[in-house]
Amino acid sequence: MKYLVLADWHYDHWKKADRDPFADVEREISELDLLILAGDISNKPRVRWKNAFAEISRLLPPDRIHVLPGNHDYYQHVFDGDERLSEIAAAAGVRYANMADIRIGDTRLLCATLWTDFEIGPGRMINEEHIPRRMNDYKLIRVASHGYRKLRPRDVIQRHLSHRTWLDTQLARPFPGSTNVVTHHAPHPDVLLDYSEDLEAAYASDLSGIIARHAPEAWLFGHSHDACSLTVGPTLLKNVSLGYPDDVADPAGRIRSLIRETETVSDTV
Ligand SMILES: [Fe+2]
Ligand SMILES: [Fe+2]
């Protein structure tokens with residue numbers, strides 16, 4: 001069975017550039033058994049998710065598509081707005097997969113946005129002070145339950161800890177097949193190739209402990225837009241970002257390279 005985990009579509013940017021990243025891989029997309037859009041589908045999701053889903057659903061039935069939000073999917077939206085995102089997905093026939101266990105063949109895919117713990121680089125105190133001044137997340141995301149104030153690092157850290165705990169619990173459950181983790185944010189600082197140290201904590205956390213404890217086969221993530229893969233112990237850490245149109249000369253090649261296959265589980269013994 002074939003599946004694709006693709007992060008950082010940034011539909012709005014490709015639309016503005018008048019380019020379609022799927023133009024030369026339509027057949028390959030149509031043959032997928034499963035597509036997971038792993039965050040940063042588009043800014044302004046209450047308007048644009050619907051259009052993005054309509055576009056991709058021309059290639060693949062929407063019930064084979066799962067979506068989890070990235071940071072951009074909360075822009076011009078609210079941090080406590082997952083219910084609305086889930087409704088938009090459901091209206092398009094797409095499955096919402098934030099903190100979800102998806103099965104395909106002999107493989108389970110544990111999906112969550114993840115966010116970050118603000119610990120790496122210069123440390124949490126400095127990161128909490130510095131990062132909100134540099135990252136749009138803290139200008140463009142509001143928290144509805146707190147009077148629509150701007151997002152703060154503490155909100156992100158709290159969400160990260162809840163996703164991290166969920167992943168840790170799920171990973172501890174015995175599973176006979178292959179286990180992959182799918183997150184928007186990165187699970188290890190070594191996958192960040194070209195970031196200044198003072199911004200690294202906005203992109204990754206150091207989840208070496210969880211990786212060592214459970215040794216999933218692969219951890220697929222986006223957000224950093226660096227086509228990087230490396231191994232930590234037996235675990236493959238692989239960036240699956242598409243990225244902004246100006247940075248991707250051959251989107252079809254990039255997408256094709258990310259299609260994965262899994263064994264079909266037979267009903268017969
Ligand atoms: Fe992105
Ligand atoms: Fe992102």
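These are my notes on an iron site and two loop residues in a predicted model.

**Iron ion (ligand 2)**

I looked up which protein atoms hold the iron ion (ligand 2). The donors are D40 (OD), N71 (OD1), H184 (NE2) and H223 (ND1), and they lie 2.2 Å from the ion. I then checked the angles among the 4 donor atoms, which run from 93 to 159 degrees. The site counts as irregular, because four donors are tetrahedral only if all angles lie between 85 and 135 degrees. For the spacing of the donor residues along the sequence, I wrote down D-x30-N-x112-H-x38-H.

I next looked at where the two histidines sit. H184 is in the loop between strand 10 (178-183) and helix 8 (208-214), and H223 is in the loop between strand 11 and strand 12, so the pair ties together parts that are 39 residues apart in sequence. H184 counts as buried, with 0% relative accessibility. H223 is also buried, at 5%.

**Second iron ion**

I followed D40 further. D40 bridges the iron ion (ligand 2) and the iron ion (ligand 1). The two ions lie 3.5 Å apart.

**Positive phi**

I looked up two residues that have a positive phi without being glycine. For Y148 I noted a phi near 60 degrees. Y148 belongs to the loop between strand 8 (141-143) and strand 9 (149-150). Its relative accessibility is 52%, so I entered Y148 as exposed.

For H225 phi is about 60 degrees. I found H225 in the loop between strand 11 (218-221) and strand 12 (229-232). At 25% relative accessibility, I entered H225 as partly exposed.

Definitions and conventions. Residues numbered from 1 in each chain as written. Chains lettered and ligands numbered in written order. Predicted model: local features only at pLDDT ≥ 70, side-chain atom pairs only at ≥ 80, totals over all residues. Heavy atoms only, no water. Helix = DSSP H or I, 4+ residues; strand = E, 2+ residues; numbered from the N terminus. Buried < 20%, exposed > 50% of the residue type's maximum accessible area, 1.4 Å probe, protein only. Donors = N, O, S within 2.8 Å, 3.2 Å for Na, K, Ca; no water. Tetrahedral: all angles 85-135°; square planar, octahedral: opposite > 155°, others 65-115°.
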